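Me: I have a structure to go through with you. Please keep the answers brisk.

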Amino acid sequence: MIVDVHTHFFRPESDFGPALRADLARCGVDPAAWGHVGERHLVTTRDADVAVVFGLQAQATGWNIPNDAVAAHVAKAPERLLFFAAIDPAQPEFMAELERCHRDLGAVGVKLAPLYQNIHPRDPRCCEIYRYCVRHGLPVLFHAGTSFVGGTMLDYSRPVHFDAVAVEFPELRMVLAHLGHPWEGETIAVIRRHPHVFADLSALYYRPWQFYNSMRLLVEYHTEHKVLFGSDFPFTTTGSSIDGVRGVNAILAQSGLPPIPTEALEGIIQRDALALLGLKHPANRRD
Ligand SMILES: [Zn+2]
């Protein structure tokens with residue numbers, strides 16, 4: 001079974017604020033290149049058996065993807081899509097929104113993005129979310145590592161801050177996205193220490209040298225079993241990400257550098273992320 005733990009849903013026309021539009025323009029990204037994100041999501045995620053889907057709520061950087069829109073999208077393929085609620089701890093009613101998503105919209109996890117939300121992962125408001133998630137068995141997927149957005153504290157996305165969260169909330173199941181790039185080594189140090197802290201491989205394969213080195217580091221620290229497969233659709237797709245992980249050794253050519261073992265790569269692609277995160281397969285949810 002392949003689980004893509006990291007896919008986005010949004011409609012740039014209505015969900016992107018001025019700050020986000022400016023950041024995209026500065027980095028030369030044209031949202032039109034993603035086409036119709038919802039339609040493409042339903043097609044491209046078929047390369048996995050199950051996909052986790054979320055929007056993003058981050059007033060500080062202009063992301064306003066309503067959870068209702070994401071839940072409605074997930075309802076189009078409820079047998080293979082799982083909805084994670086995007087919660088912005090900087091908004092006054094964030095706990096009510098979390099409860100609403102969990103109770104009424106069927107959220108089975110939470111997406112937080114401290115860098116985008118300009119909030120430290122150990123802020124008391126975040127801790128309130130963690131307590132709720134522990135109580136109800138909801139995993140939290142964090143954006144970790146850098147991003148193209150500006151105007152907020154890069155420090156808030158440092159993997160080491162999630163180490164402190166894991167010490168305080170040892171039962172909280174956490175996923176640190178993108179191996180916390182470019183601090184992959186720091187992320188590996190964190191996920192190795194805590195049984196319930198994982199990382200995902202999303203959005204990494206297209207920086208081949210960095211990706212190869214991160215994968216070697218994972219293997220050398222024997223931590224690949226703590227890594228989940230993810231794509232970061234629509235920035236890439238499930239299928240291209242599977243090919244990208246399988247193709248990591250292509251840059252070695254005749255260099256004599258050690259390859260990443262196939263078992264390590266397939267182990268990540270086929271990892272049972274649902275069991276590790278305490279999630280039910282969406283097809284069996286109503287039992
Ligand atoms: Zn993402």
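Me: How many helices and strands does the protein have?
Reply: This is a predicted model. Its secondary structure comprises both kinds of element. The count is 13 helices and 10 strands.

Me: What is the radius of gyration of the protein?
Reply: The globule rule gives 19 Å for 287 residues. The protein comes close to that, so it is as compact as a globular protein of that length. Its C-alpha atoms fill a box of roughly 55 × 45 × 40 Å along the principal axes. The radius of gyration is 18 Å.

Me: Is Ser14 buried or exposed?
Reply: Ser14 sits in helix 1 (residues 12–15). A residue is exposed if 12 or fewer other C-beta atoms lie within 10 Å of its own. Ser14 has 10, so it is exposed.

Me: Which residue lies 51 places from Ser14 in sequence but 8.2 Å away in space?
Reply: The distance runs C-alpha to C-alpha. The partner of Ser14 is Ile65.

Me: Which strand gives the most to the largest nonpolar core?
Reply: That core has 80 residues. Among those with the most contacts inside it are Val53, Phe84 and Leu176. The top strand contributes 6 residues. It is strand 5 (residues 81–86).

Me: Leaving aside neighbours within four places in sequence, which residues is Leu176 in contact with?
Reply: Leu176 is one of the residues with the most contacts inside the largest nonpolar core. Outside its sequence neighbours, its contacts are Phe142, Ala144, Pro159, Phe162, Thr187, Val190, Ile191, Val197 and Ala199.

Terms used:
Residues are numbered from 1 along each chain as its sequence is written. This is a predicted model: local features need pLDDT of at least 70, side-chain atom pairs count only at pLDDT 80 or more; totals for chains, interfaces and linings use all residues. Helices (H or I, at least four residues) and strands (E, at least two) are DSSP runs, numbered from the N terminus. The radius of gyration is taken over C-alpha atoms; the globule rule is 2.2 Å times the number of residues to the power 0.38. A residue is buried if 20 or more other C-beta atoms lie within 10 Å of its own, exposed if 12 or fewer, and partly exposed in between; C-beta atoms are placed from the backbone. A nonpolar core is a set of buried Ala, Val, Leu, Ile, Met, Phe, Trp, Tyr and Cys residues joined through C-beta atoms within 7 Å. Two residues are in contact if their C-beta atoms, placed from the backbone, lie within 7 Å.
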